[in-house]
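Work through the exercises below with the model open in your viewer. Try each task before reading its solution.

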Amino acid sequence: MAATINERYEAARVACARAGQEHLLRFWSELDDARRHDLLSDIERIDFAPLPGLIDGFVRRRPPHAELGPLAPAPHISLADVRADTDEIRAARAAGEALLAQGRVAALVVAGGQGTRLGYDGPKGCLPVSPVARKPLFQLFAEQILATQRRAGRPLRWYVMTSPGNDAATRAFFAERAHFGLAPDQVVFFQQGVMPAFAPDGRILLDQPHRVALSPDGHGGTLLALAASGALVDMAARGIEYISYFQVDNPLVLCLDPLFLGLHAQRGSDISCKFVAKADDHERVGNIVLAGGKVHVIEYSDLPESLATARNPDGSRRFDAGSVAIHVLSRRFVERLTADRSRFALPWHRADKKVAYVDLASGRRVEPASPNAVKLESFIFDALPLAEMPPVLLEVDRAEEFSPVKNATGVDSLATAQRDMIRRAARWLERAGIRVPRDAAGEPVVPIEISPLRALRPGDLSASDADLRGLRFDAPVLLA
């Protein structure tokens, strides 16, 4: 039987009192039933157990900056190694295909964000992104999974991590579109955790009298959410050993890459990472480095200028491995990191932010002009130095696998992602022996789109294919 609102209030009152956060119920007597429900729902999302230690260690005082010591480039598998198609590469690809056929792999997309920064009203994964058919990001990923499972000969599980702010809309979007051809029971939704915003004295801020100032707990919180939601238990029950992790904003991502999966499994890694050669010294991506015998990711803003601009004897960039947030994780590794959820294994990071809040004395909402609050989040790449077995670091071709949609205009925008999708489709056709007309700047003269259901890789296309014979380029081209 569901708890009554009075029972929920009493539980919330006790939890807040124990954590020294009684003020969260300051306006209770002024709220109607609907707003009381909203407030209780927010409070119930908070894990109060670790808060005293986090407030003492990260809010009331600023934690010291971690010193990693001397940094060096991390050992990796280069793009040249992959293109050489060595025995190891062929064996790893075959091993990955076997893992898929055995049902030991699941896809996981981190999709808790909204499309607000892109001018889109809704979950970012619902954004129409493909250049001809205007398919949303979720559909592109679903079609990859469909095509992969057809080759594997069995259904493959897809875990979709939402957030409290977009969970209902995401589920409705999938239902309205019949899960893009996937069986409803093979798509598993679970919600990302949240962390409250804190005043410098450690008090949790109220966003409104009936809402707590909450925000997602960072992509590292994916691991906690897998444990808290029961998704890890579900994976174990189904024999899923490897998790193919990617973020929702990259339409070029390979959701289930047999080569990456096979390398990870063959080397017995706990967590592995794809990377691209950086576009420039100061590209806004994490830098993969080696420190103290362990792999770390250093934020672009934390890499010393002398290292960001360092060169090898041949003139190439010394620290050139840019993380693209694509990983394979072993399920047992995630289980180890989340075994005691009150003492999460990943470190927390402090960010000083401007956060609107309710003044407790007047009840008025204040919009601060400067940072007034502390937010805490964790990053999934901080799991790399916790691995007991060395990670696989696999270099991939940016033009083939990485073009995120992060900004409304300019670099990493919808326009650049669509441009890169068109360029990739044109290259695939040309590799298959199809002449693609190009303009004076070398760009295809019309938009081209290839559905994942038609081809997952260039080798899936041949000039002898019926749908490619006599292909015309006097209008946008869609190969479905």
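The exercises go from the overall fold to the enclosed space inside it.

**Exercise 1.** Find how many helices and strands the protein has.

Solution. This is a predicted model. Step one: count the helices, which come to 14. Step two: count the strands, which come to 20.

**Exercise 2.** Test the radius of gyration against that of a compact globule.

Solution. Start from the chain length, 480 residues. A compact globule of that length would have a radius of gyration near 23 Å. The protein has 24 Å, so the value agrees with the globule rule. Next, take the extents: the C-alpha trace spans about 75 × 55 × 50 Å along its principal axes.

**Exercise 3.** Describe burial, contacts and surface.

Solution. First, burial: 52% of the 480 residues are buried, with under 20% relative accessible area as the cut-off. Second, contacts: take those with a separation of 6 or more. Of these, 74% join residues 24 or more positions apart. Third, surface: the accessible area is about 21,500 Å². Carbon and sulfur atoms hold 50% of that area.

**Exercise 4.** Locate the largest cavity and characterise its lining.

Solution. Count first: the structure holds 1 cavity of 30 Å³ or more. The volume of the largest cavity is about 220 Å³. Now list the lining. It has 18 residues, and Pro 251, Met 421, Arg 424, Ile 450 and Pro 452 lie nearest the centre. Sort them by class: 13 are nonpolar, 2 polar and 3 charged. Then assign elements. α6 (137-152), α14 (414-431) and β19 (448-450) each supply at least two lining residues. α14 gives the most, with 4 residues.

Definitions and conventions. Residues are numbered from 1 along each chain as its sequence is written. This is a predicted model: local features need pLDDT of at least 70, side-chain atom pairs count only at pLDDT 80 or more; totals for chains, interfaces and linings use all residues. Side-chain values use heavy atoms; hydrogens and water are left out. On a 1 Å grid over the protein atoms alone, a cavity is a set of points where a 1.4 Å probe fits but cannot get out, and a pocket is an open set with protein on both sides within 12 Å along at least five of seven lines; lining residues have an atom within 4 Å of a point. Grid points are joined across faces, edges and corners, and a volume is the space filled by probe spheres set on the points. Ala, Val, Leu, Ile, Met, Phe, Trp, Tyr, Cys and Pro count as nonpolar, Asp, Glu, Lys and Arg as charged, and the others, Gly among them, as polar. The radius of gyration is taken over C-alpha atoms; the globule rule is 2.2 Å times the number of residues to the power 0.38. Buried means under 20% relative accessible area, exposed over 50%, partly exposed in between (1.4 Å probe, protein chains only). Contact means heavy atoms within 4.5 Å. Accessible areas come from the Shrake-Rupley method with a 1.4 Å probe; for residues, only the protein chains shown count as cover.
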